[in-house]
Amino acid sequence: MREQMFIPTLVGDLALTPDDLGPDEHELLARLANRYYTDGQTQEALAREFGLSRAKVQRLLDRARTTGVVDIRIAAPSWLRLDLERRLRERFGLAEAIVAPARDDPDAQREEVARVAARFLERHLVDGAVVAVSHGRDTGEVPRFFRPAHRVDATFVSAMGGSPHTDSPTNPNDIARRLADRCGGRAVALYAPAYVESDATRDELLRHEAVAETLRMASAASLALVGIGGTDDGCTMVRTGSVSHDELRRLREAGAVGDVLGNYVDVNGGRLDSAETARLIGLSVDDLHRVETVAAVVSEREKPLAIRGVLRTGVVDVLIVDEPNARILAEAAPDPSPRP
């Protein structure tokens, strides 16, 4: 017959230490924790061994941690900023935040961000996945470091139009193709400019079956890999000729701090109904809200306001960012709740 043992009352007092526990309670928690963490026993096996329910075992193991009977230490790499990532998650309601180590050189910093973004993509990419891809220098670096361990039957689709002045490494069609080549998947191109001459031309293009079907596929993606653009005179939209200097100036005067997929927002996540947005061939902010997981990949030190504005739209689930921007975002004064 099993000897009767002490079952502690679970008060959930996080301030307790092992010295505050009675000897019988301390012994039980230590035995359970040793069998679970050291011997690798499952909670189900422990329930049978100790004559407890599985739910009780789970609560006791939780208590072992909160009272300090179990002291978990993580030997993290020196560059890992786990606390900073936690603060970003909590502040912006993110599912995940990944902070790349700081580098002084902008190109080296972009490479670090792209490297951790590639690891994220490798972990989450599965057969049958559809990944919507934006343009930009940050997303354009990801294929260089994307090396899945095995073939993945995934589809990469352009989420916005391009530009004849866009360099191949930053063009969404090219980014999608290179990602597909790396994993043995397929790429679907969007053969249209990012911005057209007028909203009437945009409406006509969106009625074109090839364009409409590509955007439908992108809007139904399980994952979107997007960049965050700024509003400085050297931003991607200006460099590629998608937006003129005068148009960008008017956007800034209207409060724009950045864009996602060509959709401009203010610092609190408000969407700007501008003439440029009316000419855009690409997914809208509303479309991005319907994508299961949106991962934003961003570096460049001039972008903290752009990142904050896009995060405040509520569309970003995962932020992959450089450490300098991460610290500015985490340490800035509190701001309003995300827009719906």
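# A walk through the predicted model

User: Let's start with α6: how many of its 9 residues are buried?

Analyst: In this predicted model, 7 of the 9 residues of helix α6 are buried, so the helix is largely enclosed by the rest of the structure. Buried means under 20% relative accessible area, with exposed over 50% and partly exposed in between (1.4 Å probe, protein chains only). Helices (H or I, at least four residues) and strands (E, at least two) are DSSP runs numbered from the N terminus.

User: Before we go on, what should I know about the model itself?

Analyst: It is a predicted model in which local features need pLDDT of at least 70 and side-chain atom pairs count only at 80 or more, while totals for chains, interfaces and linings use all residues. Residues are numbered from 1 along each chain as its sequence is written, and side-chain values use heavy atoms, leaving out hydrogens and water.

User: Okay, back to α6. Which of its residues are buried, and what covers them?

Analyst: The buried residues are Asp138, Thr139, Gly140, Glu141, Val142, Pro143 and Phe145. Their cover, counted by contact (heavy atoms within 4.5 Å), includes α5, α7 (172-183), β5 (223-227) and β8.

User: Take Phe145 then. What does it touch?

Analyst: Phe145 lies in helix α6 and is buried, since its relative accessible area is 8%. Leaving aside residues up to four places away in sequence, Phe145 touches Glu111, Ala114, Arg115, Ala118, Arg119 and Glu122.

User: And how far apart in space are Phe145 and Glu112?

Analyst: From C-alpha to C-alpha they are 9.7 Å apart, although 33 residues separate Phe145 from Glu112 in sequence.

User: Different topic: what volume does the largest pocket have?

Analyst: The largest pocket has a volume of about 290 Å³. On a 1 Å grid over the protein atoms alone, a pocket is an open set of points with protein on both sides within 12 Å along at least five of seven lines, a cavity is a set where a 1.4 Å probe fits but cannot get out, and lining residues have an atom within 4 Å of a point. Points are joined across faces, edges and corners, and the volume is the space filled by probe spheres set on them.

User: Which residues are closest to the centre of that pocket?

Analyst: Of the 19 residues that line the largest pocket, the closest to its centre are Pro106, Asp107, Arg110, Ser299 and Glu300. Two elements, α5 (106-124) and α6 (137-145), give two or more residues to that lining, and α5 gives the most, with 5 residues.

User: Glu300 is in that list. What is its phi, and is it buried or exposed?

Analyst: Glu300 has a positive phi of about 80 degrees although it is not a glycine. Its place is in the loop between β8 (293-298) and α14 (304-311), where Glu300 is buried, because its relative accessible area is 11%.

User: How many cavities of 30 Å³ or more does the structure hold?

Analyst: The structure holds 1 cavity of 30 Å³ or more, and the volume of the largest cavity is about 200 Å³. It is lined by 20 residues, of which Gly136, Ile228, Gly229, Thr236 and Lys303 lie nearest its centre. The elements that give two or more residues to the lining of this cavity are α6, α10 (236-239) and β6.

User: Now the core. Which residues of the largest nonpolar core touch the most other members?

Analyst: In the largest nonpolar core, which has 56 residues, Leu88, Leu261, Tyr264, Leu288, Ile307, Leu319 and Val321 touch the most other members. Helix α14 gives the most to this core, with 4 residues. A nonpolar core is a set of buried Ala, Val, Leu, Ile, Met, Phe, Trp, Tyr and Cys residues joined through side-chain atoms within 4.5 Å. In general, nonpolar side chains tend to be buried together in soluble globular proteins.

User: What does Leu88 touch?

Analyst: Not counting residues up to four places away in sequence, Leu88 touches Gly93, Leu94, Ala97, Val99, Leu319, Val321, Ala326, Leu329 and Ala330. Apart from the largest core lies another core, of 30 residues, among them Val113, Leu179, Cys183 and Ile320.

User: And Leu261, where does it sit?

Analyst: Leu261 sits in the loop between β6 (258-260) and β7 (263-265), and it is buried, because its relative accessible area is 2%. Phi of Leu261 is near 55 degrees, a positive value in a residue other than glycine.

User: Last one: how many helices and strands does the chain have?

Analyst: The protein chain comes to 15 helices and 9 strands, and its C-alpha atoms fill a box of roughly 85 × 45 × 35 Å along the principal axes. Buried residues make up 49% of the 340 residues in the chain. Among contacts with a separation of 6 or more, residues 24 or more positions apart account for 72%.
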